[in-house]
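Visitor: I would like a close look at a single part of this structure, taken slowly and with the reasoning spelled out. Please stay with that part before you turn to anything else.

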Amino acid sequence: MFFLKIFFYFCKVENKFFHKIFSLSLAILILVSTSSFTIEKHFCEGFLINFSLFNNLEKCDDIPCADKCQNENIADADCCSDVIDVVEGQDVFPAKDFDDLDYNQQVFLFAFTVSFNELFNFTSVSKTRYKNYSSPFLITNKLVDHQTFLI
């Protein structure tokens, strides 16, 4: 319960900061999920020699393994190998409109949104209890009549 109070305090104090961090993390998540890239790895005798994330991979021409592979028959040479990993991003996002939802889902979504916004609404409402109260009309000034003055 104590941690919940601390969380709400920080949400109240640093609401804009958390909002910026949350929106930045969502933007990065969308960027990473939609981007695709290729990872190329070059192995010599089972050891990773070189890898490339975006560019073409350079082969091992200056390593003794390459000389041994060139001296042997190319069909029998298995000392060097290339591994290509392709990570494909998502191309199409299904867009749903509010009107595509049925009535019960719309009511739930609306109620959830309103209650969630009110949960973190920390604006204080000023209470004016005597808004319509008018003070009594003074016929005479009591302090002057009794000659009571504070010095």
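Guide: Phe 112 is partly exposed, since its relative accessible area of 45% falls between the 20% under which a residue counts as buried and the 50% over which a residue counts as exposed. In this model, which is a predicted one, Phe 112 belongs to helix 4, the helix that covers residues 103–119.

The ring of Phe 112 can be followed towards Phe 108 and towards Phe 116, and it is useful to take these partners in turn. Phe 108 and Phe 112 lie 4 residues apart in helix 4, so that about one helical turn separates them. By the ring-pairing rule there are 2 aromatic pairs. In the pair of Phe 108 with Phe 112, the ring centres are 6.1 Å apart and the planes meet at 20 degrees, which is why the pair is classed as stacked; the cut-offs behind that reasoning are centres within 6.5 Å and planes under 30 degrees apart. Phe 108 itself is exposed, because its relative accessible area is 58%, whereas Phe 112, at 45%, is partly exposed.

Phe 112 also forms a stacked aromatic pair with Phe 116, with 5.9 Å from centre to centre and 20 degrees between the planes. Here again the spacing along helix 4 is 4 residues, so Phe 112 and Phe 116 are separated by about one helical turn. Phe 116 has a relative accessibility of 43% and therefore counts as partly exposed.

Taken together, the ring pairs join Phe 108, Phe 112 and Phe 116 into a cluster. These three phenylalanines, along with Leu 119, make a nonpolar surface patch of about 440 Å².

For the setting elsewhere in the model, there is also an open sheet of 3 strands, arranged in the order 2-1-3 with antiparallel pairing. Its edge strands are strand 2, residues 47–52, and strand 3, residues 80–87, each of which pairs on one side only. From one strand to the next, the twist averages 20 degrees. Strand 1, which runs over residues 37–44, pairs with strand 2 in the antiparallel sense over 5 bridges, and within this part of the sheet Cys 44 stands opposite Phe 47 of strand 2.

Terms used: Residues are numbered from 1 along each chain as its sequence is written. This is a predicted model: local features need pLDDT of at least 70, side-chain atom pairs count only at pLDDT 80 or more; totals for chains, interfaces and linings use all residues. Side-chain values use heavy atoms; hydrogens and water are left out. Two strands pair if DSSP finds at least two bridges between them. Helices (H or I, at least four residues) and strands (E, at least two) are DSSP runs, numbered from the N terminus. Axes are lines fitted to C-alpha atoms, for helices over the stretch in contact, and angles run from 0 to 180 degrees between N-to-C directions. Rings of Phe, Tyr and Trp (its six-membered ring) pair if their centres lie within 6.5 Å; planes under 30 degrees apart count as stacked, over 60 as edge-to-face and the rest as tilted. Buried means under 20% relative accessible area, exposed over 50%, partly exposed in between (1.4 Å probe, protein chains only). Patches are made of residues with over 30% relative accessible area and no salt bridge: like charges are joined within 9 Å, nonpolar side chains (Val, Leu, Ile, Met, Phe, Trp, Tyr) within 5 Å. Accessible areas come from the Shrake-Rupley method with a 1.4 Å probe; for residues, only the protein chains shown count as cover. A salt bridge is a side-chain nitrogen of Lys or Arg within 4 Å of a carboxyl oxygen of Asp or Glu.
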